[in-house]
Amino acid sequence: MNVARVEQKLPVSIVTRGNEVFIQGADEADVATAVQVLERLYAQLEKGQPVDHAEVDAALRMAGSLEDAADGDGPLEMRTHRRAIKPRSPNQAAYLSALERHDLVFALGPAGTGKTYLAVAAAVAMLKQRRVDRVILSRPAVEAGERLGFLPGDLKEKVDPYLRPLYDALHDMLPEGKLATQFESGQLEIAPLAFMRGRTLAHAFVILDEAQNATSAQMKMFLTRLGDGSRMVVTGDPTQVDLPPGMRSGLVDAVDRLERVAGIATIRFDRHDVVRHPLVTRIVEAYETETSGDPPSAPIRSTPN
């Protein structure tokens, strides 16, 4: 494919002539971005990878990002048993890089930004590469007191509803048979936050999801479980705290205390990173506007240490 740059005082547009694509635009930067996006999509097609609306959207988000340009083969990706998971925004690329390089990562932001999904992808990829021996999934119950005893069933049945987003991500990355086998062998484990006390988690990839609903005491307890050869990822949305009024979120408290500690990365997502249905982005933006009373602010930059 030959891609030619044609600079004119026109909005960016694409014209095809045979096997050539001409990109026209008044702004050289816009033309360069369009070239980058098309070349990336054609490269995916040449590798036999499908290109749909989501892939086009991801290419547009990633165009021009430092992470995308850092490696000639494109941004970092996590290879699971079912598929390779790639970032769909610059912040997601920074997140995957932080998961690769840091033992403790905080990921903050609204729903749909890939906080949990990418953490599970990194965990499955590292388990597949035998860089960790097991993956532990944890989440606070909706009630801050975690009164699991009032719920019917055994421990797994009590906490399964709270861990459903983690299961959904695992089903996307592991064949059904292998998923069941790894749960039976202990390579995959569910561990409610209330039951983490007293453990030392060595050679494990540990994910605490919905961490905004952990108290400060619970968060300190969880973070101090980190053992040799382990990784921890703490995800949550500080705007969706379900703790009783007046009780500070353990996630907010931990980030305030630890954000500048060497070896810890903090990634902040915003509505520009939402990769679900396009309506989700507009919904998040509408709620942000209602909460602040002002137009939504500019994207918050990721700050890995």
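Helix α4 (90-101) has twelve residues, which at 1.5 Å a residue should span 16 Å; its end C-alpha atoms lie 17 Å apart, so the two values agree. The model in which this helix is described is a predicted one. Eight residues of α4 are named here as buried: N91, Q92, A93, A94, Y95, L96, A98 and L99.

**The nonpolar cores**

Y95 is also a leading member of the largest nonpolar core: among the 38 residues of this core, Y95, V120, L170, F205 and I207 touch the most other members. Elements giving two or more residues to this core are α4, β6, α5, β7 (134-138), α6 (155-173), β8 (188-190), β9 (204-208) and β11. The greatest contribution, ten residues, comes from α5. Another core, of 23 residues, lies apart from it and includes L108, L193, A211 and M219.

Leaving aside residues up to four places away in sequence, Y95 touches V105, A107, G114, K115, L118, A119, V233, T235, I267 and F269.

**Strand β6 and its neighbours**

Two of the residues touched by Y95, V105 and A107, point to one side of β6, while L104, F106 and L108 point the other way, and all are buried. Five of the five residues of β6 are buried, and the strand is thus described as mostly covered. β6 runs parallel to β10, to which five bridges join it. Five bridges likewise join β6 to β11, and these strands also run parallel. A107 has a bridge partner in each neighbour: T235 in β10 and I267 in β11.

**Aromatic pairs**

The structure holds two aromatic pairs, set out below.

| Pair | Centre to centre | Angle between planes | Arrangement |
|---|---|---|---|
| Y95 and F269 | 5.3 Å | 80 degrees | edge-to-face |
| Y167 and F183 | 5.6 Å | 50 degrees | tilted |

Y95 lies in helix α4 and F269 in the loop between β11 and α10 (278-292), so their pair ties together parts that are 174 residues apart in sequence. Both Y95 and F269 are buried. The pair of Y167, in helix α6, and F183, in helix α7 (residues 176-185), links parts of the chain 16 residues apart. Y167 has a relative accessible area of 5% and is therefore buried, whereas F183, at 24%, is partly exposed.

**The loop after β6**

G112 belongs to the loop between β6 and α5 (115-128). Its relative accessibility is 7%, so G112 counts as buried. The C-alpha atom of G112 is separated by 9.8 Å from that of F269, although their positions lie 157 residues apart along the chain.

**Helix α9 and the loop that follows**

At the start of α9, a side-chain oxygen of S249 reaches to within 3.2 Å of the backbone nitrogen of L251. L251 is one of the buried residues of α9, together with G250, D253, A254 and V255. These buried residues pack against β6 (104-108), α8 (216-223), β10 (231-236) and β11.

E259 is found in the loop between α9 (250-258) and β11 (264-268). The relative accessible area of E259 is 13%, and the residue is therefore buried. Its side chain makes a polar contact of 2.4 Å with the side chain of R268.

Definitions and conventions
Residues are numbered from 1 along each chain as its sequence is written. This is a predicted model: local features need pLDDT of at least 70, side-chain atom pairs count only at pLDDT 80 or more; totals for chains, interfaces and linings use all residues. Side-chain values use heavy atoms; hydrogens and water are left out. Helices (H or I, at least four residues) and strands (E, at least two) are DSSP runs, numbered from the N terminus. Buried means under 20% relative accessible area, exposed over 50%, partly exposed in between (1.4 Å probe, protein chains only). A polar contact is a pair of N or O atoms within 3.5 Å; within protein, one must be able to donate a hydrogen and the other to accept it, and residues adjacent in sequence count only if both atoms are side-chain atoms. Contact means heavy atoms within 4.5 Å. A nonpolar core is a set of buried Ala, Val, Leu, Ile, Met, Phe, Trp, Tyr and Cys residues joined through side-chain atoms within 4.5 Å. Two strands pair if DSSP finds at least two bridges between them. The expected span of a helix is 1.5 Å times one less than its number of residues. Rings of Phe, Tyr and Trp (its six-membered ring) pair if their centres lie within 6.5 Å; planes under 30 degrees apart count as stacked, over 60 as edge-to-face and the rest as tilted.
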